[in-house]
Amino acid sequence: MQIPAWQFLACIFFAAVWHDMASLLRRSTAGLGRYTNMKASLPPFFSSLNPPKSSPFSTTLTANKMSPHSTSPSTSTSADTFLSALATRRSNYALTSTSPIPDSRIQHIINQSILHAPSAFNSQSTRIVLLLKNEHQKLWDITRDVLKEVVPADQFPKTEAKIASFRAAYGTVLFYTDHATLRIYQEKFALYADRFPTWGTESTAMHQLAVWTALNLEGLGANLQHYNPLVDERVAKEWGVSKDWELMSMLVFGAPVAEPGVRTYEGVESRVRVFGA
Ligand SMILES: Cc1cc2nc3c(=O)[nH]c(=O)nc-3n(C[C@H](O)[C@H](O)[C@H](O)COP(=O)(O)O)c2cc1C
């Protein structure tokens, strides 16, 4: 059956009008609630995240504004949405061995973070090892054993209790810098060779922030630990980690059972300089 050309054109016209109306509606309902708004307006990775169970730092979102560089209203997001997510991230040490989200969701967060976090010259030198449940507990048993060899005996009970609190959580994300990758870029961009180790560290920090924030948004509490390089060798042996991978940090996470502690904030006036505003 053939459709007359005028009917075909009319269909396209109504589809375009409907799309514009839907976009307007979506924007006018933005900003109604912190997390509903956050979910609705975030890009695909964030938009399917669950709201956090609670946060002492809720800041009301202002209405979602269109980015001047946006190419499509349906994928637009505002800085306020992102900044609210940033304010949600906190250190939480009271964690349990459960997770409010499935392991596949945690893996999704890791995968999206490692895909989208930036790196110098797009070198993509960050590596991640995700340890869950028994594997996570094994990590903290190793850490306890390593520390027992170096911490004075009279101080060890305190250390042991602290390590036990990390072990009691659900999982740990290990962040690494891959020096094999950095070496390739050091040769390729010899002028900046001495900068790459620092850039590698900076890049892992960006990954850490992304994963930490996303886990918090999903209702998981987390805290960042640094028992590297003490544990590096034992960890590498246990999980077959390449010798080129340098452990940078350990992000412990689990379902939180208490609110994070109070955080103090230095005034931005002494920390930010603005010229030309
Ligand atoms: C580079 C860096 C290193 C950190 N190292 C540790 C650490 O070894 N142990 C720890 O408990 N927290 C560590 N933290 C967490 C900070 O103490 C924490 O982020 C800070 O006090 C602000 O609190 P908040 O995370 O609740 O906002 C580290 C944070 C950063 C950014």
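This tour goes from helix 9 to the helices packed on it, then to some loop residues and the ligand.

The model is predicted, and in it local features need pLDDT of at least 70, side-chain atom pairs count only at pLDDT 80 or more, and totals for chains, interfaces and linings use all residues. Residues are numbered from 1 along each chain as its sequence is written.

**Helix 9**

Select residues 196-217, which form helix 9; helices (H or I, at least four residues) and strands (E, at least two) are DSSP runs numbered from the N terminus. At 1.5 Å a residue, the 22 residues of helix 9 should span 32 Å, and the end C-alpha atoms of helix 9 lie 31 Å apart, which agrees; the expected span is 1.5 Å times one less than the number of residues. After helix 9 comes Gly219, with a positive phi near 90 degrees.

**Helix 8 against helix 9**

Add residues 179-188, helix 8, which packs on helix 9 at an angle of about 135 degrees with the axes 10 Å apart. Axes here are lines fitted to C-alpha atoms, for helices over the stretch in contact, and angles run from 0 to 180 degrees between N-to-C directions. The two helices, 8 and 9, are therefore oblique to each other (under 35 degrees counts as roughly parallel, over 145 as roughly antiparallel, 65 to 115 as roughly perpendicular and the rest as oblique). Leu182, Tyr185 and Gln186 of helix 8 make the contact with Phe196, Pro197 and Gly200 of helix 9, where contact requires C-beta atoms, placed from the backbone, to lie within 7 Å. This contact of helix 8 with helix 9 comprises 4 nonpolar, 2 polar and no charged residues; Ala, Val, Leu, Ile, Met, Phe, Trp, Tyr, Cys and Pro count as nonpolar, Asp, Glu, Lys and Arg as charged, and the others, Gly among them, as polar.

**Helix 5 and helix 4**

Next select residues 103-116, helix 5, whose axis is 9 Å from that of helix 9 at an angle of about 145 degrees. Ile109, Ile110, Ser113 and Ile114 of helix 5 meet His207, Ala210, Val211, Ala214 and Leu215 of helix 9, a contact with 7 nonpolar, 2 polar and no charged residues.

Then take residues 79-88, helix 4, which packs on helix 9 at about 85 degrees with the axes 8 Å apart, and that makes helix 4 roughly perpendicular to helix 9. Here Ala85, Leu86 and Thr88 of helix 4 touch Thr213, Asn216 and Leu217 of helix 9.

**Loop residues**

Move to Phe121, in the loop between helix 5 and strand 2 (126-132), where phi is positive, near 55 degrees, in a residue other than glycine. In the loop between strand 4 (221-225) and helix 10 (232-239), select Pro229; the peptide bond from Asn228 to Pro229 is cis, with omega near 0 degrees.

**The ligand**

Finally, select the residues around the ligand, which are Arg90, Ser91, Asn223, Leu224, Gln225, His226, Pro260 and Arg263 (C-beta atom, placed from the backbone, within 6 Å of the molecule). By class, this shell has 2 nonpolar, 4 polar and 2 charged residues.

How values were computed:
Contact = placed C-beta atoms within 7 Å.
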